[in-house]
Amino acid sequence: MRRRRSSSRQGRSNTAVATVATTTATAALLSGAVFVAPTAHAAQPTTRPATQTAQTAQTAQTTARTAAPLATEPKVSARGAYLIDDATGKRIYGKAPNTRRPIASTTKLMTVHVVLREKDLDLGRKVKIKQAYRDYVTRTGSSTADLKTGDRVTVRQLLYAALLPSGGDAAYALADTFGSGTTNAARTKSFIGKMNKRAAALGLENTKFDSFDGNSKTGNNYSTPKDLAKLTRTALKHKTLRDVVGTQKTVRKATTSTGGTRTYTWYNTNRLLGSYRGATGVKTGTTTAAGPCLVFAATRDGKTVIGVVLNASDRYPDATKLLDHGLGVKSGTTVRLRQLPTDAQRD
């Protein structure tokens, strides 16, 4: 959530962290190679030819899922953690999975999920940026997409702005646009109501929202590792969301208030992308109350796992341990975390 230009935690995350990967991955990394994450939609299993027999298809599917979770569970720094098999939704790992905790900017997954469920949604719809959105990030100290007052950006661009640099201004714009009422406050309250209604519909019994971006005024913005994993599994069924969270960097052009063109460049704060082979997303989050949080996913050999770590002093090593565990990776290797430009947002 907050802009974090430098911290001891960031320093630690820049160091190489021990994980496991395939023998091929080991050779690549020891030679200095860095894995580049594929786009999320490319990571999905491909469709079999129509002429393939049912027996052959069943055999191929079984082979694609031979990698069972490792027998020994990893130890993680996170106070709460959870890992599931995306295909079945079944638990692979859990640590305090049902304990309610602040979730910082991972809240924006629900924000975007609600927007993408809007009836007759037009992703090309233009939204005028209000000064109130900029004032909000200044007042709260939120991370920002640095949207400029008067610019007209598309809803699609706002999705990228909210999820890559974790822009509180972009999340505000989405809530203000898709809520109902005659004032900013009324519309954002209405939108948060939609978020809670959706949480109830998904059976997220230990989840509640009081903000559109995770900056909680009352302390009533919380979830659990299990609930967040369940939300993410559902949300990732939408191709647009998969495309957004799987993007490392995007360059977008918007129309200014004077009719000119402004270029926005946003980097994904999730450093697993481009670092851990097969990583496909999904969202970072950090506040004082929540600590460092991470919702993550990866696909290898046709198997996808989704994980959550909340209040983790070493969230990226935690995530790679859990991914390796769930994907059944046994060979030792090193993951070199993707470096962000000095002027990029940290979350």
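**Exercise 1. The surroundings of helix 8**

Which helices are included in what covers the buried residues of helix 8? Using this predicted model, determine also whether the length of helix 8 agrees with expectation, and how its buried and exposed residues are arranged.

*Solution.*

Step 1. The cover over the buried residues of helix 8 includes helix 4, helix 5, helix 7 and helix 9 (225-235).

Step 2. Helix 8 runs over residues 184-201 and holds 18 residues. At 1.5 Å a residue, a span of 26 Å is expected, and the end C-alpha atoms are 26 Å apart, which agrees.

Step 3. The buried residues of this helix are N184, R187, T188, F191, I192, M195, R198 and A199. Viewed down the axis of helix 8, they fall within an arc of 135 degrees, so they line one face of the helix.

Step 4. The face turned away from the buried side of helix 8 carries the exposed residues A185, K189, K197, A200 and A201.

Step 5. Just after helix 8, G203 adopts a positive phi of about 75 degrees.

**Exercise 2. The annotated active site**

Locate the residues that UniProt lists under "active site", and describe the setting of K108 and S166.

*Solution.*

Step 1. The UniProt record, an unreviewed entry, places the feature "active site" at S105, K108 and S166. These positions are spread over 62 residues of sequence, yet they cluster in space, with a largest C-alpha distance of 8.0 Å.

Step 2. K108 belongs to helix 4, which comprises residues 108-116. With a relative accessible area of 1%, K108 falls under the 20% cut-off and is therefore buried.

Step 3. S166 sits in the loop between helix 6 (155-163) and helix 7 (168-178). Its relative accessible area is 0%, so S166 is buried.

Step 4. With neighbours within four places in sequence left aside, the contacts of S166 are S105, K108, S143, T144, A161, K283 and D347. Two of the annotated positions, S105 and K108, thus appear among the contacts of S166.

**Exercise 3. Salt bridges**

State how many salt bridges the model contains, and analyse the pairs K283 with D347, D176 with R187, and K148 with D146.

*Solution.*

Step 1. The count comes to nine salt bridges.

Step 2. In the pair of K283 and D347, the closest N and O atoms are 3.1 Å apart. K283 lies in strand 10 and D347 in the segment after strand 13 (331-335), so this pair ties together parts that are 64 residues apart in sequence. Both K283 and D347 are buried. Each of these two residues is also in contact with S166.

Step 3. The side chains of D176 and R187 meet at 2.6 Å, N to O. This pair links distant parts of the chain, since D176 is in helix 7 and R187 in helix 8, 11 residues apart. D176 is buried at 4% relative accessibility, and R187 is buried at 15%.

Step 4. Through salt bridges that share partners, K130, D176 and R187 are joined into one network.

Step 5. K148 and D146 form a salt bridge at 3.1 Å, N to O. Here K148 is partly exposed at 27%, and D146 is partly exposed at 36%.

**Exercise 4. Backbone geometry**

Identify the peptide bond and the phi angles that call for attention at G281, V282, D120 and D146.

*Solution.*

Step 1. As a reference, most residues other than glycine have a negative phi, and most peptide bonds are trans.

Step 2. G281 and V282 are joined by a cis peptide bond, with omega about 10 degrees. V282 is part of strand 10 (residues 279-287).

Step 3. D120, which is not a glycine, has a positive phi of about 55 degrees. D120 is located in the loop between helix 4 and strand 5 (126-128). At 69% relative accessibility, D120 is exposed.

Step 4. D146 also has a positive phi, near 55 degrees, and is a residue other than glycine. Its place is the loop between helix 5 (131-140) and strand 6 (152-154).

**Exercise 5. The environment of I92**

Describe the position and the contacts of I92.

*Solution.*

Step 1. I92 is a residue of strand 3 (residues 91-95). Its relative accessibility of 13% makes I92 buried.

Step 2. Neighbours within four places in sequence aside, I92 contacts P69, E73, L83, I84, D85, V305, H325 and G326.

Step 3. I92 and I306 are separated by 214 residues in sequence, while their C-alpha atoms are 9.7 Å apart in space.

Definitions and conventions. Residues numbered from 1 in each chain as written. Predicted model: local features only at pLDDT ≥ 70, side-chain atom pairs only at ≥ 80, totals over all residues. Heavy atoms only, no water. UniProt positions renumbered as here; feature names shortened; annotations may be inferred. Helix = DSSP H or I, 4+ residues; strand = E, 2+ residues; numbered from the N terminus. Buried < 20%, exposed > 50% of the residue type's maximum accessible area, 1.4 Å probe, protein only. Contact = heavy atoms within 4.5 Å. Expected span 1.5 Å × (residues − 1). Arc of directions from axis to C-beta. Salt bridge = Lys/Arg side-chain N within 4 Å of Asp/Glu carboxyl O.
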